[in-house]
Amino acid sequence: MSQDTSNTPEKDAILRASIDRSLRHPVMFFFTSAAAWLAVSIFLGLIASAKTHSPTFLSCAGWLSYGRIFPAHVNALVYGWGAQAAFGVMVWLMSRLSRQTCRNSGIILTAGHVWNLAISLGVVGILSGFGTGMPWMEFPSFVWPVLFLCYTAIAVWSVVQFKVRPEGHTYISQWYILGAMVWFPWVFLTANILLHCLPGHPVMAAGINAWYRSALLLLFFVPVGIGAAYYLVPKVTGRAIASYTLAKISFWSLAIIAPWAGMQKLTGAPIPYFLPYLGAAATILIAIPAIVAAVNLLSTASQAGELITNSPTLRFTIAGLIGLLIFGIVCVLLNLPESTLPISQFTLSGYGFDLLGLYGFFSLVMFGAIYFIVPRITRREWLSRRLIKMHFIFSTYGIGFIVLFTIFGGLQQGIAQEQFNSPWEQVAKAAFPYAIGTTFAWCFILFSNVFFFVHLTLMWLRLGRRSSHPTLLIDAHHGSPHGPEGDIDNAGPGTVHVH
Amino acid sequence: MTSRSFFLGLIASFGLAWLLVVVVPFFKMRDLKPIVLKEGVDTVEGATGPENTQFYFPKRTGRIANGAAVYAANGCYLCHTQVIRPTYAGNDTFRSDWAGRKDNGDGVDTRRETNAWDFQYEKFAQIGTTRLGPDFSNLGHRIEDEYAKGSDPARWLYQHLLDPRLEVDRESSKCPSFRYLFDEVKIQGNLPEYAFNYNAKKKTALVPDADAKALVSYLLSLKKDDAVPAVLSFGPKKEAATASAAPAKKN
Amino acid sequence: MSDPLHKPDLEESINVTETHGRIARQIAAAARENKLGENGNHPIPTWLIAVLVVVGIAAGSVFSNGGNFFSYDSTFRPDYHRKPSPDEAGGKVQPVPAVVAYSKKGEKIFTTVCASCHGADAKGSGNYPPLSGSEWVKGPSERFAMIVLNGLHGPTSSGRTFDAAGMPAQGAGMSPENLAGILTFLRNNKGNAVGDIVTVDMAKAAIATSAKRAKAGQQVDSQELDADHKKDLPGDKLDPNTLVDPATLAPASK
């Protein structure tokens, strides 16, 4: 928080508002297209999940076959929804925290469009049968250089803004966002160059792919999510972060531990023997940054019970933080090499773990951030309390069910797999009920995101509410959220000096 | 913490792990030294190297590179693995037909773990992500010995890809149908060697296309139970008298 | 914040209050935000430390399984030996009755070597004598062994000469296990049911005897067989139902 702003609170609010306005085109684009990709991904995921228990469903064409729809679903989720939501939040957050308006919105917007074009071609490529067969990297090989260039065009301005920021203390969220901005290109470039461009040993290539999947989750999505949460929780509750020491611990433990994780997915494969065990140990230790960050932020918000019920931002963020807590616990539970790793390694629980991180934590926090940021950049408030509530309820129930079914079902599947005397037909039946449950849960999530996408598109079309009163989930104002005198505002700017 | 120390810390913490876990193993495994077969100790066939040394080189016949690309593009790795884990990592070796053949006809148990030379000619080892279906390391043997017993393995496999649920004991199989890898062609004269679902009225049949042929060739080549040199032979300690003379290791 | 492009457009000619109100409304969302505080100094709760210690211990136990860290050359755990399958003794194939094991070995040889001449049903044809019901097959084992190892010239047990050249020797490079297998197979299958086992030791003795023959290297004939070899091979008899290892034919250790 900069100390040199001797401005009045009004001028400070004006600065923040002007930062928001300068970013409105790229950030709104990122959010809306991310939400569109989320809907696409969930739809594809639903079909894929249906095929795991009813393989004759939609079995007419090649592009609908499970082996192509599932990678299309995952890649759309990761690069279409996840990356773009992250970019929108990163760019906005860095701008705000560096107190610099964005002068390169045009370039960022163009890069966003090119990113979208590239992943569209990529998804079509996968569905047409040109997938590369490397999990999370199935896009045909022409896509990744384009993505890398787009990323550079998006992120470099934020780094510049950080460099020219006014003197002063760097806030917690900036560490995480800067970290993510450094880690993502390093991880992305490493994996793609080593797997696409340089000849190497086939099994080690699979190992590096496993490392990439873990690193993308733990060193890009998780830090962006935690960074956003470290901003949103104190902002909305008005209370200081419970413990600055815990914040430092949560960041540096993530930075030190996460790069070692990932190879445990290849336990038993012929790669240097210690690598999977190092990966398993590191993944277990990820519980530390996850639990510490979640506890820190949850205790910050713990006394603000009413606010959590009212504010969509806070509700989603707190739900996401609970997801982070569960993620940390699951990290430990699924990766114990003597007991649970052999029975979770080749099962649905790996998918469930990824979804817990990507949706149960990251996406819920991103939803919270989007509900916070969009009114500020469009200068309109959200249209409908009900749409937000539906989104929240269906999302949380949906992801809760998915995580429960896939992780528990995966372990059951693993136990059945290890019964070596059992014929395979018997073993395959173990996963069947959980597959059905998962499809059912995806329906919930699809439903929730239809509400979200519609709502966001209406905001994008400038159809939001003109008001100075935020859309809260509980009606506290005489039956109308518009205030006693309708749309006319009679509340002046806040009187508190803010960031 | 200053901005400078922050970035240094970031780079150091990531860079160390990146080097030790990604870069170094990548380059080391790229230059994996072939195992030189020792006279009298290793009774396996290998390839001939410089100075007439023999080194361990498991042979694989079939259209591996093309087939592997079709395998990858159609997502087979999402449900099938190709790794037999050592006993400290799983029970794969105990199954009778995954790790090899329990009885190869001569009473010899050929089952073994996957080793680093089992993925020759492939760019990316399709270790696999889940086991919704069985492991494929020795699918070639399994098809020949169990599934297609007595008949042409390729024919059985084409039929299976066309309709995995055809056989009575496979009703509950969740394998998708790969009908889209077959072309419907008009039949003039005799049926081609591999033709399925002949329709007498329309005089058409389903014939495997190039992708299907490559995939079947690849899948039938999956036989990873060849004899291995002593350093890769992890069988339980044998009595001195018997065949593969693994040097008695202290356990 | 002195960028002229983003300065609110306050011109003197405009009603300041009105403009102020408009601007205030436009920036209302930003204006109502709270201050970002990070300087809380709640103490770290003890239960949190306990949880983190448990996590650390779990991770530590994994490290101890990791073998030699940073040893890039070993792709397997050092000193790894395959654990024997829980339902198989010693990790070997299940032992089977001796007559089954020997016959299985012998059957392979029969189909690849003998059947081409003697017929798949061992009943012979034309130039090739039948083995099914043959006196020389079913009689004393040494006589049978000599024929297999050296071949035969002249008339068979039936008195008839089937082929001028006779039977070629089959003993070159034949291992004792294989010899024991084919002898046992033919004596107990294809229409014969002698009910005994020609053991590996007996086969070894046969090979030795064959090498020490006066006419070593030449086919035997019915005269030599009657004179020198009308006896059973020396060696301990083996009960046909004894359990043996199918690969080595050694009695299964218990």
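A contact means heavy atoms within 4.5 Å. The exercises below use a predicted model.

**Exercise 1. Work out how the contacts of chain B and chain A divide by sequence separation.**

Start with chain B. Take its contacts with a separation of 6 or more. Residues 24 or more positions apart account for 59% of them. Now take chain A. Consider contacts between residues at least 6 apart in sequence. Of these, 84% join residues at least 24 apart.

**Exercise 2. Test chain A and chain B against the radius of gyration of a compact globule.**

Step one: chain A has 499 residues. A compact globule of that length would have a radius of gyration near 23 Å. Chain A has 22 Å, so the value agrees. Its C-alpha trace spans about 75 × 45 × 40 Å along the principal axes.

Step two: chain B has 251 residues. The globule value would be near 18 Å, but chain B has 23 Å. The C-alpha atoms of chain B fill a box of roughly 75 × 65 × 40 Å, taken along the principal axes.

**Exercise 3. Describe the secondary structure, burial and surface of chain A and chain B.**

Chain A comes to 17 helices and 0 strands. Of its residues, 69% count as buried. Its accessible surface is about 15,000 Å², and 68% of that belongs to carbon and sulfur atoms.

Chain B has 5 helices and 5 strands. Along the sequence they follow the pattern α-β-β-α-α-α-β-β-β-α. Here 55% of the residues count as buried. Chain B exposes about 11,900 Å², with carbon and sulfur atoms supplying 56%.

**Exercise 4. Classify the ring pair A:Phe394 and A:Phe447, then place both residues.**

Over all chains, the structure holds 72 aromatic pairs. For this one, check the distance: the ring centres are 4.8 Å apart. The cut-off for a pair is within 6.5 Å. Next, the angle: the planes stand at 85 degrees. Over 60 counts as edge-to-face. The pair is therefore edge-to-face.

Now locate the partners. A:Phe394 is in helix α15 (residues 385-418), and A:Phe447 is in helix α17 (residues 432-460). The pair links distant parts of the chain, 53 residues apart.

Last, burial. Buried means under 20% relative accessible area. A:Phe394 has 18%, so A:Phe394 counts as buried. A:Phe447 has 43% and is partly exposed.

**Exercise 5. Do the same for B:Tyr158 and B:Phe182.**

The centres lie 6.2 Å apart and the planes make 80 degrees, an edge-to-face pair. B:Tyr158 lies in helix α4 (residues 153-162), B:Phe182 in strand β3 (residues 182-186). The pair therefore ties together parts that are 24 residues apart in sequence. Both B:Tyr158 and B:Phe182 are buried.

**Exercise 6. Find a charged end over a ring in chain A and in chain C.**

In chain A, take A:Arg315. Its charged end sits over the ring of A:Phe392, 5.3 Å from the centre. In chain C, take C:Arg160. Its charged end sits over the ring of C:Phe162, 3.8 Å from the centre.

**Exercise 7. Build up the surroundings of C:Thr184.**

Place C:Thr184 first: helix α7 (residues 176-188) of chain C. Its relative accessible area is 0%, so C:Thr184 is buried. Then list its contacts, leaving out residues up to four places away in sequence: C:Tyr102, C:Asp196, C:Ile197 and C:Val198. Finally, look at C:Val198. Its backbone nitrogen lies 3.2 Å from a polar atom of the C:Thr184 side chain.

How values were computed
Residues numbered from 1 in each chain as written. Chains lettered and ligands numbered in written order. Predicted model: local features only at pLDDT ≥ 70, side-chain atom pairs only at ≥ 80, totals over all residues. Heavy atoms only, no water. Phe/Tyr/Trp six-rings, centres within 6.5 Å; stacked < 30°, edge-to-face > 60°. Helix = DSSP H or I, 4+ residues; strand = E, 2+ residues; numbered from the N terminus. Buried < 20%, exposed > 50% of the residue type's maximum accessible area, 1.4 Å probe, protein only. Lys NZ or Arg CZ within 6 Å of the ring centre and 35° of its normal. Polar contact = N/O pair within 3.5 Å; in protein donor to acceptor, adjacent residues only side chain to side chain. Rg over C-alpha atoms; globule rule 2.2 N^0.38 Å. Areas by Shrake-Rupley, 256 points an atom, 1.4 Å probe, with all protein chains shown as cover.
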